[in-house]
Amino acid sequence: MIRIQHDGPLIIGGGLAGLSTALSAAPAPVLVVSPTPLLEAASSAWAQGGVAAALSSDDAPALHLRDTEAAGAGLVDHHAAEVLTDDGKATVEWLASLGAPFDRQPDGGFAVSREAAHSLARVARVGGDGAGRAILSALAVAARAAEHVEVWEDGRLTGLIQSGDGRVIGAVIDRAGERIEVLAPAVVLATGGAGGLFGETTTPRALLGEGLALAWMAGAEILDPEFVQFHPTAIDVGLDPMPLATEALRGDGARLIDRNGDYILGSAPDADLKPRDIVARAVHRARAEGRGAFLDARTAMGAHFPEAFPAVFASCMKAGLDPRIQPIPVAPAAHYHMGGIAARTDGRTTLKGLYAVGECAATGVHGANRLASNSLLEAAAFGRRTGEAAAREGVKDRKVARIVEGSAPLTDGALQRLRDGMSADCGVIRDAEGLKRLLTLIGDIEAAQKDALPLVACRLIAEAALARHESRGGHYRSDYPETANKAVHTRLTRSDPAVAAMIATTAATTAVIAAVIAST
């Protein structure tokens, strides 16, 4: 075992949130730890749509805020969303200053497109559908060139280190099979989402909610873990993860049809631009009824498809499908986790010394259903704020009192059983019978590996989904299809004596979570 002391923020994750944090922490020395080389296994590198911001003369942050709150189904934190949308234009300009090659208009302004649930065109894109990788590439170059940033591209987070008062003072990193304890004045979790917990996902399979699980085990508050967004147009060609057909295709006129050519959501021109949860359920139902679901871009794109959306075109052609002349088979797939580690707009969590940013965090800006292309905006905008805040943390007591770690990683077979169960029973449409079946599966796997981090994350999601007796945003219960009159959050903290006492059993844990929801 090696123990080292670092004098600046320790950032776990090399995606857009992590690198934005690192660059903005200057001149404080920063250590970024990523389990893979930068640009690999980061959801932000896979993002196709772009960055949402009020960039045009007919738009305004207040309009962007209004659309964000409308999509979030009553659970958006107004202050956090206002901060996000107010930061929109400055964030896009900052990314551009680092070399992000956004599409431009002839006058040099940002070219913008419209996506679902936006009232105006406000999504800044790169090459049609290449925003995520292009933006992250620019930040990776900047981070590698920055004198204050050190990057480990072969380190995996396995634990958090705490002092006697519960403050997070470091993290345990597995690097080339060697255990390294890194002590730091601030630990920033930028570990991404939990899409890899689902058998049908558009995210890297490596994203298993491990940062969320460790934060929970250390005593941080977890907010709304049941809210998972399912993208309605994952390309259904038998791949895992599933390639994505960006929402911008529908913004440019592509339509969702069944195998008979009938419109799945109706014939109105904007019928396919409803919030993602509505579109995902419609696609799910069409498939469940045997009608199939397809994204038809033949008229909207036709011969222009390769240059308009090169990434989607390449994915289709690789699968033997020509979207210029054939409708694209699609299915809903896990795409984004709205819930996560409760955090402020500057990344601060309920544990001193611990910050969370990006998809692993829940700042309240997405509520129950994220507005399209707000994720890259949040990662960069709040990453900048988090970097500045974490850099101000001074060295505190470094006496190690507790190390929180999970058990060994799940076997491939156990993980696949878990992923299949999550998609089958905690997917687009849920009910008590399925969620209880899933919790039984989790319990069976826990008997062998109780504290495996993916199991902890799955249990948080499934228990909260079972306890929420309503349908709201990305959480839809067929046995509770109505939306409650009052929008309430799920807030969970393991240090709560009631939760700690009951965490061992499924039924008791669900009862506690239900009580927490009801009292919020």
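## Overall organisation

In the protein chain, 72% of the contacts with a separation of 6 or more link residues that lie 24 or more positions apart, a contact being heavy atoms within 4.5 Å. This is a predicted model, in which local features need pLDDT of at least 70 and side-chain atom pairs count only at pLDDT 80 or more, while totals for chains, interfaces and linings use all residues. Residues are numbered from 1 along each chain as its sequence is written, and side-chain values use heavy atoms, with hydrogens and water left out.

The protein chain has 17 helices and 21 strands; these are DSSP runs numbered from the N terminus, with helices (H or I) of at least four residues and strands (E) of at least two. Its radius of gyration is 22 Å, which agrees with the value near 24 Å for a compact globule of 520 residues; the radius is taken over C-alpha atoms, and the globule rule is 2.2 Å times the number of residues to the power 0.38. Along the principal axes, the C-alpha atoms fill a box of roughly 65 × 55 × 40 Å. Of the 520 residues, 60% are buried (under 20% relative accessible area, with a 1.4 Å probe and protein chains only).

## Helices H3 and H4

Helix H3 (residues 61–71) packs against helix H4 (residues 78–86) at an angle of about 135°, and their axes are 9 Å apart. H3 is therefore oblique to H4, the word for angles outside the ranges under 35, over 145 and 65 to 115 degrees.

Pro-61, His-64, Leu-65, Thr-68 and Glu-69 of H3 make the contact with His-78, Ala-81, Glu-82, Thr-85 and Asp-86 of H4. By class, this contact of H3 with H4 comprises 3 nonpolar, 4 polar and 3 charged residues.

## Helix H5 and its surroundings

Within helix H5 (residues 88–97), the buried residues are Gly-88, Thr-91, Val-92, Trp-94, Leu-95 and Ala-96. Their cover includes helices H1 (16–24), H4, H6 (131–145) and H12 (374–391), together with strands E4 (51–52) and E6 (123–124). Just after H5, Gly-99 takes a positive phi of about 110°.

## Helices H7 and H15

Helix H7 (residues 210–218) and helix H15 (residues 453–467) pack with their axes 8 Å apart, at an angle of about 80°. The two helices, H7 and H15, are therefore roughly perpendicular to each other.

From H7, Glu-210, Leu-212, Ala-213, Leu-214, Trp-216 and Met-217 meet Leu-453, Pro-454, Val-456, Ala-457 and Leu-460 of H15. The contact of H7 with H15 has 10 nonpolar, no polar and 1 charged residues by class.

Terms used
Axes fitted to C-alpha atoms, helices over the stretch in contact; angles between N-to-C directions. Nonpolar A, V, L, I, M, F, W, Y, C, P; charged D, E, K, R; others polar. Buried < 20%, exposed > 50% of the residue type's maximum accessible area, 1.4 Å probe, protein only.
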